[in-house]
Amino acid sequence: MADSLDRLTVTVRPDVPMQMYTCVQHVMALGCVRALRDAGLEAHIVWPAGVAVDGEEALHVRARAGYEEGLFAEVTLAATERGTSLLAQRRQLLSEALEASAREWEASLRRAGTVAGPLAPVLDEYFSLLLLAQKEVDVVYPNGNLCARGVLAGMDVWGRAAVRTASGRVVDISPEQASLRGATA
């Protein structure tokens with residue numbers, strides 16, 4: 001996939017077990033948010049792997065893993081309409097952030113030794129940077145229907161969001177099942 005004004009693709013090769021690659025896009029979103037915050041922007045993660053600046057989603061992070069001369073992930077940042085100028089202005093910063101994030105993730109997994117899941121070493125930081133953490137959210141099925149409403153109360157080490165409903169029930173959501181958005185009236 002060729003880069004364009006609204007896309008940036010970087011290939012990373014973190015030396016981590018294959019099963020850890022399931023959350024590579026989460027880790028890459030975290031790396032982008034770190035870099036943008038270091039540059040003075042008000043950036044947050046949009047679960048599971050988006051980047052918001054000033055409260056609005058600007059970038060979507062997608063990853064495709066494969067094996068060619070070892071494991072790799074082709075990570076693509078796709079800009080929303082709002083994020084096109086951000087990507088154009090911060091292209092080098094974001095490219096370097098993706099590469100640095102892969103190296104840091106690999107190192108943190110090595111330091112931890114055996115971990116319960118791919119996000120274990122970065123989970124606290126990831127959750128603290130979620131745009132909707134501890135806020136009321138709507139859990140929306142891919143067809144647009146509302147699944148549940150509650151507070152985004154946590155995440156697990158595999159990238160699933162935990163939403164606590166008004167009844168106290170916790171709904172665990174994987175990115176494949178549903179999306180989260182700020183609760184509507």
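This passage looks at helix α1, the main nonpolar core and one open sheet. The model is predicted, so to speak of local features takes pLDDT of at least 70 and side-chain atom pairs count only at pLDDT 80 or more, while totals for chains, interfaces and linings use all residues. Residues are numbered from 1 along each chain as its sequence is written, and side-chain values use heavy atoms, leaving out hydrogens and water.

Helix α1 covers residues 24-38, helices being DSSP runs of H or I with at least four residues, and strands runs of E with at least two, numbered from the N terminus. Its end C-alpha atoms lie 21 Å apart, which agrees with the 21 Å expected for 15 residues at 1.5 Å a residue (1.5 Å times one less than the number of residues). Twelve of the 15 residues are buried (under 20% relative accessible area, 1.4 Å probe, protein chains only), among them Val24, Met28 and Leu36. Gly40 follows α1, with a positive phi near 95°.

α1 also supplies the largest share of the largest nonpolar core, eight residues. That core (buried Ala, Val, Leu, Ile, Met, Phe, Trp, Tyr and Cys residues joined through side-chain atoms within 4.5 Å) has 56 residues, of which Leu59, Leu77 and Leu130 touch the most other members. Leu77 touches residues including Cys32, Leu59 and Leu98, leaving aside those up to four places away in sequence; contact here is heavy atoms within 4.5 Å.

As for the sheet, five strands run in the order β9-β8-β7-β6-β10 with antiparallel pairing, a pair needing at least two DSSP bridges. β9 (170-173) and β10 (179-182) are the edge strands. Five bridges join β6 to β7, and Glu136 stands opposite Val151 in β7.

Definitions and conventions:
Buried < 20%, exposed > 50% of the residue type's maximum accessible area, 1.4 Å probe, protein only.
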